[in-house]
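Subject: A structure for you to look at

Hi there,

Here is the structure I promised to pass on to you. Have a look at it first, and then read my notes on its salt bridges below.

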Amino acid sequence: MRTTGKLDYIEMPARGGTLDGVKSFYAAAFGWTFTDYGPTYSAFSEGLDGGFDADQAAVSKPLPVLYSDAIEETLVQVQAAGGTILREIFDFPGGRRFHFADPAGNELAVWGPARG
């Protein structure tokens, strides 16, 4: 059975403060723990997995990330349904993904496994 469309991850910007400051806030306020992936990214798993991105090129608002085990097919379906591709499929640590805007202008991403 193919899996696609499940809300799987959320990325939130950490540009308004330092990454360490954002991590300290959520750790103190809610007891969150983090896994660092380089100097500008730290992931969390607190109900819904996610991460904070302090890279200056990161999105400026939360980014819902959906999962697909058939990412190329999903990109075609997103376009056919009226979505606008904002960033073509690219590799990242842990897999591949693309970004799109829905008809209301919301930016989302779809990720899938790395090529085998």
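R96 and D91 form a salt bridge, with their closest N and O atoms 3.9 Å apart. Keep in mind that this is a predicted model. The two partners sit in contrasting surroundings: D91 is exposed because its relative accessible area is 61%, above the 50% cut-off, whereas R96 has a relative accessibility of 4% and so counts as buried, the limit being under 20%.

R96 also has a salt bridge with E72, and here the N to O distance is 2.6 Å. What does this pair tie together? E72 belongs to helix 2 (residues 71-80) and R96 to strand 7 (residues 95-101), so the salt bridge links parts that are 24 residues apart in sequence. E72 itself is partly exposed, with a relative accessibility of 40%.

Why can such pairs form at all? Side chains of opposite charge can pair when their charged atoms come close.

Another one to find is the salt bridge between K6 and D8, whose closest N and O atoms are 2.9 Å apart. Is D8 buried or exposed? D8 is buried, at 18% relative accessible area, while K6 is partly exposed at 48%.

How many salt bridges does the structure hold? There are six. Some of them share partners, and in this way D20, K23 and D36 are joined into one network.

Enjoy exploring, and write back with any questions!

Best wishes

Methods. Residues numbered from 1 in each chain as written. Predicted model: local features only at pLDDT ≥ 70, side-chain atom pairs only at ≥ 80, totals over all residues. Heavy atoms only, no water. Salt bridge = Lys/Arg side-chain N within 4 Å of Asp/Glu carboxyl O. Buried < 20%, exposed > 50% of the residue type's maximum accessible area, 1.4 Å probe, protein only. Helix = DSSP H or I, 4+ residues; strand = E, 2+ residues; numbered from the N terminus.
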